[in-house]
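Here are some exercises to work through with the model open beside you. Try each task before reading its solution.

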Amino acid sequence: QVQLVESGGGLVQAGGSLRLSCAATGRTISRNAMGWFRQAPGKEREFVALIRWSSGSTVYADSVKGRFTVSRDNAKNTVYLQMNSLKPEDTAVYYCAAALGNSLRISDYFTVNMYNYWGQGTQVTVSS
């Protein structure tokens, strides 16, 4: 069994920063990529960022580009999402997810269906 455990969410003022962590526990899995998604009340879950586990290459949604940074620590089996210059519209539950499969189309990784394992989510609230 694989578990993804997120932490680091909370309440922050606009312009502030938070760092989310996602630790993978349980049996070892050969993941292709780790993704971060978020879901605001009444909205669909949306892609935020991803990191390829082997190469470390990253992709970001336009809405967070330049403000968020995704990184990984292979030894700790952990992926991070550093969020700077936070805005009220960043308020959501943030989820990390692991994709085991490989696709040549990077856009496939923007969809929830590409991911096999999900964390429980952590709430991020940005006040204005």
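## Exercise 1: The partners of strand 9

Strand 4 and strand 9 run antiparallel and are paired over seven bridges. Keep in mind that this is a predicted model.

**Task.** Which residue of strand 9 is the bridge partner of Ala33, and with how many bridges does strand 9 pair with strand 11 and with strand 10?

**Solution.**
- Step 1. Begin on the strand 4 side: the bridge partner of Ala33 is Ala99 in strand 9.
- Step 2. Turn to strand 11, which pairs with strand 9 in the antiparallel sense over three bridges. Here Ala92 stands opposite Val124.
- Step 3. Finish with strand 10, where the antiparallel pairing with strand 9 has two bridges. Ala98 has Tyr117 as its bridge partner there.
- Step 4. Now check the surroundings of strand 9: seven of its eight residues are buried, so the strand is mostly covered.

## Exercise 2: The open sheet

**Task.** What is the strand order in the open sheet of four strands, and which strands are at its edges?

**Solution.**
- Step 1. The order is 1-3-8-7, with antiparallel pairing.
- Step 2. Strand 1 and strand 7 are the edge strands, as each of them pairs on one side only.
- Step 3. From one strand to the next, the twist averages 15°.
- Step 4. At one edge, strand 1 pairs with strand 3 in the antiparallel sense over six bridges, and Leu4 stands opposite Ala24 in strand 3.
- Step 5. At the other edge, strand 7 and strand 8 are antiparallel and paired over six bridges. Phe68 stands opposite Met83 in strand 8.
- Step 6. Look at the hairpin of strand 7 and strand 8: four residues lie between the strands, and Asn77 takes a positive phi near 55°.

## Exercise 3: The largest nonpolar core

**Task.** Which residues have the most contacts inside the largest nonpolar core, and which strand supplies its largest share?

**Solution.**
- Step 1. The core has 40 residues, and Trp36, Leu81, Met83 and Tyr94 have the most contacts inside it.
- Step 2. Several strands each supply at least two residues of this core, including strand 3 (18–26), strand 5 (46–52) and strand 8 (78–83).
- Step 3. The largest share, six residues, comes from strand 9.
- Step 4. Follow Met83 outwards: leaving aside residues up to four places away in sequence, its contacts include Leu18, Leu20, Phe68, Tyr94 and Val124. Gly16, Ser17 and Arg67 are also touched by Met83.

## Exercise 4: An aromatic pair and its neighbours

**Task.** What is the geometry of the pair formed by Phe37 and Tyr115, and are these residues buried or exposed?

**Solution.**
- Step 1. The ring centres are 5.1 Å apart with 80° between the planes, so the pair is edge-to-face, the class for angles over 60 degrees.
- Step 2. Phe37 is in strand 4, while Tyr115 is in the loop between strand 9 and strand 10 (117–118); the two are 78 residues apart.
- Step 3. Phe37 counts as buried because its relative accessibility is 0%. Tyr115 is also buried, because its value is 6%; the cut-off is under 20%.
- Step 4. Widen the view: Phe37, Phe47, Tyr95, Phe110, Tyr115 and Trp118 form one aromatic cluster.
- Step 5. Add Arg45, whose charged end sits over the ring of Tyr95, 3.7 Å from the ring centre. Arg45 also lies over the face of Trp118, at 4.9 Å from the ring centre.

Methods
Residues numbered from 1 in each chain as written. Predicted model: local features only at pLDDT ≥ 70, side-chain atom pairs only at ≥ 80, totals over all residues. Heavy atoms only, no water. Core = buried A, V, L, I, M, F, W, Y, C linked by side-chain atoms within 4.5 Å. Buried < 20%, exposed > 50% of the residue type's maximum accessible area, 1.4 Å probe, protein only. Contact = heavy atoms within 4.5 Å. Phe/Tyr/Trp six-rings, centres within 6.5 Å; stacked < 30°, edge-to-face > 60°. Lys NZ or Arg CZ within 6 Å of the ring centre and 35° of its normal. Pairing = 2+ DSSP bridges. Axes fitted to C-alpha atoms, helices over the stretch in contact; angles between N-to-C directions.
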